[in-house]
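Trainee: Could you walk me through this model, one question at a time?
Mentor: Happily; let's put it in front of us and begin.

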Amino acid sequence: MMPAKFVHKKTPKIGVLSSIGKNASALVLGLKYFFEPNRFTLMYPREYIVLDKRYRGFIVLIKNKCIGCESCARVCPTGAMKMVKFEVPNPKNPEKKKIVKYPTINHQRCVYCGFCVDICPTEALYHVPVHDVVYFNLADMIQYVESFQKEPVSPTAAEGAVPVKYIFDPERGLVKVRIKEGEKQ
Amino acid sequence: MAYISIWTLTRDVISTVFWGIVKLIFWPPIYQFVIIPGLVAALVVVISIIWFERKAAARVQMRYGPLEVSPKLAGYLQLFADLIRYSFQEIIIPRTADIIPFITSPFFALLLSLLPLAVIPVSPVKWTWPLTLSAMRYSVLIAAALTTLSPIFIVAMGWASNNRFSTIGSMRESFLITAYELSAIIGIFSVVATVHSFDFTNIVNFQGGGKWLGLINPIALLAAFIATLISTSAFPFEISDAENEIVAGPFTEYSGLMYGVNMGTAYIKRWAMSVLIVLAFLGGWRPYIPPPNAGYIAGYLVPSLIVSAKAVVVMALMSFLRAVYGRYRIDQALHISWKYVFALAIAGFGLGILEGYLL
Amino acid sequence: MSSNDQLKNFSEKLKENLGDLISKVEIHKGFILIETHIDKVRETAKKLKEIGFDHVKSVTVVDRMKDGVFEVGYHVSSYLNKDLAKYVVELVTTVPRDKPLVPSLTDIWLSAEFQEREAYEGFGIIFKDHPDLRPILLAPPVAELKPMRKDFVVKEEGIYRELPKKENVSSKVSEKKG
Amino acid sequence: MIIDMQSSEVPRLNMSSWEIGESRYLPGMEIKKLGKEKFVVYIGPQHPGSGHMRIIIKVDGDVIVEADPDLGYVHRTMEKLSEGRAYIKIIPLVERMAILDACNATLPYVEAVEKLLGLEAPERAKYLRVALCEINRIASHLYGFGIFGVFLGHSTMYMWGFGDREILVELAEKLTGARLTHTYPIFGGVRRDAPQNFTDNLRKAIRYLRKRLEDYRRMFLDNPVIRKRLEGVGIVSKRAATDLGLVGPNLRASGVEYDVRAVEPYEAYDEFDFEIPVFEEGDSLARAWVRVEEIKQSLRILEQVADKLDKTKGQQIMHDRFWAKVPPLYKKVFEAEGRVKLMPLFAILRVPKGRAFARTEAGRGEITYYIESDGKDKPYRVRIVSPSYRNAIMFKYAIPGHRVADLPAIYGSFDYFPPEADR
């Protein structure tokens, strides 16, 4: 137990003379960054980040694993994930129909919190590390069982943008590194 | 015979027309006001300087600045794209605005901020002087007087817009006019005291051999520099159109091309002031000395380009300050300009008199 | 973390100090609740401020629709007194739902000003002698609905979705094939 | 009145008959008589220096005589919505009030529910929570600095604040899988374990940020222009700060010693050695300095967290109640991906009857949650008081008497964030 201590401080005072020095100091710093800029901008449509596998991107369904337990729909905080009922013939009793349920997703609402992926007892849902998918109309954003199973493709990657990744650096903060063909995971 | 005479006639006509156009272009009032350092040069410089300002600030700020419009030219054409966009935007005139001053003020402000350029010499060759010889003897006085005209129309814009932010903005502008004009003019006039002449030609000739007045009298140069910053609302004195406080100050109600004109006016004014500073402090067209009977190129174009190049450097320096400073509050700016800049200007004037006595 | 014993000791002390101004002291998770009659609210608040509770953290109104009352609570604590800062005390009073009139405590705790305005717009509780009782977050016509009351119900959606007509057919076909 | 979210019908409001208190008009639309020399300026909500709010100021010349903050432009009725949904669904809801401070905004909620459930997160989960909280705190301060910079016309500080925030956002993404809305703490623990090289990256980022803080000082805080704008502007005395109930750095800049991390240490904050800077002046400059000093201390905490995380590698990050009886698949996933799978009961979690109050120190100050459960799967009442909401009162009391140009300086120095205030 070492509780935090309160430390009283005062803002440093600056006189008239030293303010000239401070002006110069700021100007010199500006010039330093003018000549040696530190930039890590992502040139987005021409470059794209190869995201971590842990990234909570678009969600895809593996239909075979789904047991229709509704957990994902219950836990969805925005009502994006909802179940759809299907009637399929019951192999044991051909007279009665069997009802199966599968999740569907509305990407207009999804906030990618990943609760559905985490709560799924059979790992039937998983995240794809893709964050930029374009839909041509709003109706397409509601994905029913068929389209929900397809892994979305990032349009930038599909159009041949340069894959990059960021690595941490103690001097420059982040450094953008180009990923070569072989390196791709 | 007839064939030849027609040929010679055509040749004569063409050459007359060509030389007529050349003469017209290099006719001092036209050349100074429209070509260099006037409208055309001002536009090119302003567009380049805005581009430089954005790029320089971007380099300091971990960004790239304009790039998408022409990646190979480092985004230089972005400004032209902006210009085109401005010119196609709808110009909205508020119903409550006072229409005639609202429409005319931006253009008067633009024209008047260019006017000082039409009365200054950009070459020592006599035929290039835009004024008569007797008027030329007072060119510093005339140019300085003309620089004071355009702010009135900025105040008028704010008043005509009938918008609260505009009113506050033009109120700030009118405070600042009184604060910087005196310092700027006294700063430039300290040169007059040193050289004992109101003639820019004499002042520039005085500065031959690296004897720049800016080096001899740096206090006056600093005063004139800061006063220029204040007058053209450059950082850290971007006060009359402070975006986060009063939206766009006097220009709040302007849209489309009129807004573009307003934004350009500040830069054009900065350009005119930079040219004045170059002539007064930074050696004008020196070290180049044209031959006494020089023609259009050697006697007019080259010296004017030298002056322009120096002025561009001054402007670039002013623009770079955007990356380093925030903005002062209006009362602080007034405090600074009356207490420090004015004192600097007076000190520079005193130094100028002293040097005029000694040198 | 203040242990349970500490909380108990502190609530005993509060009881002693406030005497018969309060009708109930309860220890809840993270705060001590003291209940007082509506007529004694201002007096109790003044006393609490004298003890050293100098600011209001939250003006918490709970609509007890079944009992027909609003529970107006002020979560108070201290900035300047470090011993008191460890505790959060809720000063609670109840008012009938049909006549929600409470004396304002803004003049005692200025920090309650905006939060009382929020309670006013959400529940329609009128704070007597509040200097500036207007809605704060909501526009007046919305505030008139008193949306925080329990009888203003926001219905959540179900967890089923209907298939659109076309895909319904095609997926049925695929089901049969599979 | 019942609002059905599925139906497209909006409840009809009778606009002509409502009458509330004295004003019969929408805020800002009142007709008032003013003195001849005063006039009203509406700063916002579409003003470049206002954010999603409006400040109605009355000016006498250049001096503000009265300021009336008009909040609610981004009000999302979080308290009301919370009453209608399951406990776990509230986490992604409330974190949206301060997306750059998401962990700090949700942590007290999670803690309050944990108090009701009577459980505490395991050790490593606590360290992970602290790590994300401090990352968020620095990111929030940098964002605040950025906005502060642009309010003063200092565009470089704006870009630097936002540019360097990217490093912290990247760290948070590596830890949680999302850049901003992390939804990271959850009842009984956290959702993801730290990845392999997280602590190395953290240490690199700490070294970089220490270097940059020196740049900030040279470029912004010691810049004479900025100092001139901030020194002695918007002074809030110790007494006034207490009475107004200000929170966070703004309170500590006025000399009040209050920080939830010290007063009532939550999570693992009592295990770390750090200081809480308190400044005496109470002006805008002190508020800026307090944030810089706080970033330094946060970096210090993060350094210690990195060591602790290295020490507790491989430990459980979910409370036994939700982890002891999970099927083997869950443990397999955790070992392979570091991802905590949730028991299906989370979706219908019933919380025992009771009331809980929790407070934590978010980036902008103290954030408090009051939760009342009636034993069902939905809370009976959730009361959220966010730091910016408590700071909002300063617009009314700290601004009058200053010049129009001081308004952005004071606004920026308070680091006011409208979405957080409006909730």
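Trainee: Before we start, what share of the residues in chain D is buried?
Mentor: This is a predicted model, in which local features need pLDDT of at least 70 and side-chain atom pairs count only at pLDDT 80 or more, while totals for chains, interfaces and linings use all residues. Residues are numbered from 1 along each chain as its sequence is written, and chains are lettered from A and ligands numbered from 1 in the order in which they are written. A residue is buried if 20 or more other C-beta atoms lie within 10 Å of its own, exposed if 12 or fewer, and partly exposed in between, with C-beta atoms placed from the backbone. Of the 423 residues in chain D, the buried share is 62%.

Trainee: How many helices and strands does chain D have, and why is it called as compact as a globular protein of that length?
Mentor: Helices (H or I, at least four residues) and strands (E, at least two) are DSSP runs numbered from the N terminus, and chain D has 17 helices and 10 strands. The radius of gyration is taken over C-alpha atoms, and the globule rule is 2.2 Å times the number of residues to the power 0.38. For 423 residues that rule gives 22 Å, so chain D is as compact as a globular protein of that length, with a radius of gyration close to it at 23 Å.

Trainee: Which two chains share the most contacts?
Mentor: Two residues are in contact if their C-beta atoms, placed from the backbone, lie within 7 Å. No contact joins chains B and C, and their closest C-alpha atoms are 24 Å apart. Among the 5 pairs of chains that touch, the most contacts are between chains A and D.

Trainee: Which element gives the largest share of the side of chain A that touches chain D?
Mentor: In this interface 43 residues of chain A are in contact with 57 residues of chain D. Elements giving two or more residues to the chain A side include strand 1 (5-9), strand 8 (162-169) and strand 9 (173-178) of chain A. The largest share, 6 residues, comes from helix 1 of chain A.

Trainee: Back in chain D, how are helix 2 and helix 3 of chain D oriented to each other?
Mentor: Axes are lines fitted to C-alpha atoms, for helices over the stretch in contact, and angles run from 0 to 180 degrees between N-to-C directions. Helix 2 (residues 87-94) and helix 3 (residues 102-117) of chain D pack at about 160°, with their axes 9 Å apart. The contact includes Ile90(D) and Val94(D) of helix 2 and Tyr109(D) and Val113(D) of helix 3 of chain D. Angles under 35 degrees count as roughly parallel, over 145 as roughly antiparallel, 65 to 115 as roughly perpendicular and the rest as oblique, and therefore helices 2 and 3 of chain D are roughly antiparallel.

Trainee: In the sheet with the order 2-3-4 (chain D), which are the edge strands?
Mentor: Two strands pair if DSSP finds at least two bridges between them. This open sheet has 3 strands and antiparallel pairing; strand 2 of chain D pairs with strand 3 (residues 54-60) of chain D over 6 bridges, and 7 bridges join strand 3 to strand 4 of chain D. Each edge strand pairs on one side only, and these are strand 2 (38-43) and strand 4 (63-70) of chain D.

Trainee: Which residue takes a positive phi in the hairpin of strand 3 and strand 4 of chain D?
Mentor: Those strands run antiparallel, and Val59(D) stands opposite Ile64(D) in strand 4 of chain D. The hairpin has 2 residues between the strands, and the positive phi, near 70°, belongs to Gly61(D).

Trainee: Is Asp415(D) buried or exposed?
Mentor: Asp415(D) is in the loop between helix 16 (406-413) and helix 17 (418-422) of chain D. Its phi is near 50°, a positive value in a residue other than glycine. With 26 other C-beta atoms within 10 Å, Asp415(D) is buried.

Trainee: And is Asp129(C) buried or exposed?
Mentor: Asp129(C) lies in the loop between strand 7 (126-128) and helix 5 (140-143) of chain C, and has a positive phi of about 65° although it is not a glycine. With 11 C-beta neighbours inside 10 Å, Asp129(C) counts as exposed.
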